[in-house]
Amino acid sequence: MKISYSIMKLSFLLIAPLLLLSFLSMPPRTNFGGQWKLNEGKSELGQFAGFAAKSIKADQTEDAITITKVNEFNGEEIT
């Protein structure tokens with residue numbers, strides 16, 4: 001049994017818009033912003049404990065992410 005050309009054309013005209021519309025719904029953007037503080041009591045950093053950031057803050061805008069790390073060196077905070 002042969003499928004007529006008009007039926008194939010009609011099915012393509014119905015399926016193509018459905019495929020195109022399925023790509024229009026974008027997933028929500030993930031926000032990576034937040035603030036984290038080092039809990040030295042729960043962390044096992046070994047020999048790298050002096051290099052670990054004491055806090056990390058991430059700010060996300062529409063087109064950029066800014067990450068700020070705060071560390072201590074000789075009792076002085078370094079950003």
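**Talking through S55 and its surroundings**

Biologist: Let's start with S55: why does it count as buried?

Modeller: This is a predicted model, so everything here is computed from it. S55 has a relative accessibility of 16%, and buried means under 20%. The value falls under that cut-off, so S55 counts as buried.

Biologist: Which residues does S55 touch, leaving out those up to four places away in sequence?

Modeller: W36, K37, T68, K69 and V70. A touch here means heavy atoms within 4.5 Å.

Biologist: And where along the chain is S55 found?

Modeller: In strand 2, which covers residues 55-60.

Biologist: How do you know that strand 1 and strand 2 pair?

Modeller: Two strands pair if there are at least two bridges between them. Strand 1 (residues 34-37) and strand 2 have four, running antiparallel, so they meet that rule. As one example of who faces whom, W36 stands opposite I56 in strand 2.

Biologist: What makes strand 2 and strand 3 a pair?

Modeller: The rule of at least two bridges again. Six bridges join strand 2 to strand 3 (residues 65-73), also in the antiparallel sense, so this pair qualifies too. K57, for instance, stands opposite T68 in strand 3. Strands 2 and 3 form a hairpin, with four residues between them.

Biologist: Now S4. Why is it called partly exposed?

Modeller: Its relative accessibility is 32%. Buried means under 20% and exposed means over 50%, with partly exposed in between. S4 lands between those limits, so partly exposed is the label. S4 lies in the segment before helix 1 (5-22).

Biologist: How far apart are S4 and F73?

Modeller: They are 69 residues apart in sequence, and 79 Å apart in space from C-alpha to C-alpha.

Biologist: Let's step back to the whole protein. What is its secondary structure?

Modeller: One helix and four strands, in the order α-β-β-β-β along the sequence.

Biologist: Why do you say the protein is more spread out than a compact globule?

Modeller: The globule rule gives 12 Å for 79 residues, while the radius of gyration is 27 Å. That is well over the rule's value, so the protein is more spread out than a compact globule. The C-alpha trace spans about 85 × 25 × 15 Å along its principal axes.

Biologist: What share of the residues is buried?

Modeller: Buried residues make up 6% of the 79, and S55, at 16% relative accessibility, counts as buried.

Conventions:
Residues numbered from 1 in each chain as written. Predicted model: local features only at pLDDT ≥ 70, side-chain atom pairs only at ≥ 80, totals over all residues. Heavy atoms only, no water. Helix = DSSP H or I, 4+ residues; strand = E, 2+ residues; numbered from the N terminus. Rg over C-alpha atoms; globule rule 2.2 N^0.38 Å. Buried < 20%, exposed > 50% of the residue type's maximum accessible area, 1.4 Å probe, protein only.
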